[in-house]
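Student: Please pick one part of this structure and look at it closely with me. Short steps are fine, but I would like to see how the part connects to its surroundings.

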Amino acid sequence: MIKSSDLKTMIEDSRDVVFFTGAGISTESGIPDFRSPGGIWTKMAPIQFQDFLNSEEMRREYWHRKFAADKTLRIAKPNEGHYAIERLISSGKASVVITQNIDNLHQDSGVPEEKVIELHGNGTFASCLTCDTRYELDNIKESFLGNHQLPICKFCGGLIKTATISFGQAMPLEPVRQAESAASDCDLFICIGSSLVVHPAAQIPLIAKDNRATLVILNRETTALDEYADLIINDEIGKILSAVITP
Ligand code: NAD
């Protein structure tokens, strides 16, 4: 039987831990994941990036969904799992957290910005797809809900979208490079709360494994990479991480 104390020992014996998180770490903060029963994809199909670019109707639908779900993201606070990761990073034992999440909760838990590698961007603000100017969501929300106005960049006229990576949109080069480098250099790689089916993000744990890191998966259900793991813990994230990474 696998015990959480096995993970504690692995962490103690390691030189450099890297965390890799998915939507599952934030469900205990009240943000639904995508693939659990009742998750977002069981209710509606994602809007593809090309559809966002090509269709005003899809852009309206995109912003409508964003603001319908926005309150959940705004009121969410980090949970025990986020704080445990923050503790191991601030102790110097873990170097970074690579995340597929867009909710900013690792930063909110106290992990410095430069130690959070966001593979899929950040949903707490927006940016111009052409010139990358940052826009705050409050202003966009006011014009969209009040005057039905779709946001357009005031500098270049480009389309504005939340600063996230949609399906069909290219991955951001620098975060991917940083994630690959962290995965290559660590000796313990811990995947937390991800079904590990979204590619290319799900390649990153395999890079760690190929470079002889020990691979741990902590997830309630089986994942697509279970066959590569050295340790699998099928349990609740907050409970396990707070027991393993104590203050
Ligand atoms: P996913 O929904 O595919 O998988 C989440 C996994 O976490 C599931 O296997 C589920 O069983 C597990 N899980 C959920 N709560 C758990 C808990 N408390 N304890 C243990 N396990 C738990 O998520 P994914 O692999 O991250 O892929 C989804 C994509 O959607 C990602 O690319 C991410 O960008 C995005 N997303 C982000 C958020 C967010 O920012 N919070 C939320 C939804 C989706």
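Tutor: Start with phenylalanine 189. Setting aside neighbours within four places in sequence, Phe189 is in contact with Val18, Phe20, Ile98, Ala183, Ile204, Pro205, Ala208, Thr214, Leu215 and Val216. Keep in mind that this is a predicted model. Phe189 sits in strand E7. Its relative accessibility is 0%, and the cut-off for buried is under 20%, so Phe189 counts as buried. Now compare sequence with space. Phe189 and Phe19 are 170 residues apart along the chain, yet their C-alpha atoms are 5.9 Å apart.

Take one contact of Phe189, Ala183. Ala183 belongs to helix H7, where Val176, Ala179, Ala182 and Ala183 are buried. Seen down the axis of H7, the buried residues fall within an arc of 130°, so they line one face of the helix. A general rule helps here. An α-helix has 3.6 residues a turn, so residues three or four places apart point the same way. The cover over the buried residues of H7 includes E1, E2, strand E3 (116–118), E7 and helix H8 (204–210). H7 itself runs over residues 173–185, 13 residues in total. From first C-alpha to last, H7 reaches 19 Å, close to the 18 Å expected.

Next, the cores. The largest nonpolar core has 25 residues. Ile11, Phe19, Ile190 and Ile192 touch the most other members of that core. Elements giving two or more residues to this core include helix H1 (4–13), strand E1 (17–21), helix H4 (80–90) and strand E7 (188–192). Apart from that core lies another one, of 23 residues. Among the residues of this other core are Phe20, Ile117, Cys186 and Phe189. That is where our starting residue belongs.

Stay on E7 and move to Ile192. Beyond neighbours within four places in sequence, Ile192 is in contact with Phe19, Phe20, Thr21, Gly22, Ile25, Ile85, Leu218, Ile237 and Leu241. Two of these partners, Ile237 and Leu241, are among the buried residues of helix H9, along with Gly238, Ile240 and Val244. The buried residues of H9 fall within an arc of 170° around the axis, so they line one face of the helix. They pack against H1, H4, E7, E8 and E9.

Another partner of Ile192 is Thr21. Thr21 lies in strand E1. Its relative accessible area is 0%, so it is buried. Its side chain makes polar contacts. One is with the side chain of Thr99, at 2.7 Å. Another is with the side chain of His106, at 2.9 Å. Contacts of Thr21 outside its close sequence neighbours also include Ile85, Val97, Ile98, Gln100 and Asn101.

Gln100 leads on to the ligand. Of the 28 residues around the ligand, Phe34, Arg35, Gln100, His120 and Ser195 come nearest. His120 has an N or O atom in its side chain 2.7 Å from an oxygen atom of the ligand. Backbones take part too. A polar backbone atom of Ile102 is 2.8 Å from a ligand oxygen. For Gly193, a polar backbone atom is 3.5 Å from a ligand oxygen.

So trace the path again on the structure. Begin at Phe189 in E7, step to its contact Ala183, then go back to E7 and on to Ile192 and its contact Thr21. From Thr21, its contact Gln100 brings you to the ligand.

How values were computed
Residues numbered from 1 in each chain as written. Predicted model: local features only at pLDDT ≥ 70, side-chain atom pairs only at ≥ 80, totals over all residues. Heavy atoms only, no water. Core = buried A, V, L, I, M, F, W, Y, C linked by side-chain atoms within 4.5 Å. Buried < 20%, exposed > 50% of the residue type's maximum accessible area, 1.4 Å probe, protein only. Helix = DSSP H or I, 4+ residues; strand = E, 2+ residues; numbered from the N terminus. Contact = heavy atoms within 4.5 Å. Expected span 1.5 Å × (residues − 1). Arc of directions from axis to C-beta. Near = heavy atom within 4 Å. Polar contact = N/O pair within 3.5 Å; in protein donor to acceptor, adjacent residues only side chain to side chain.
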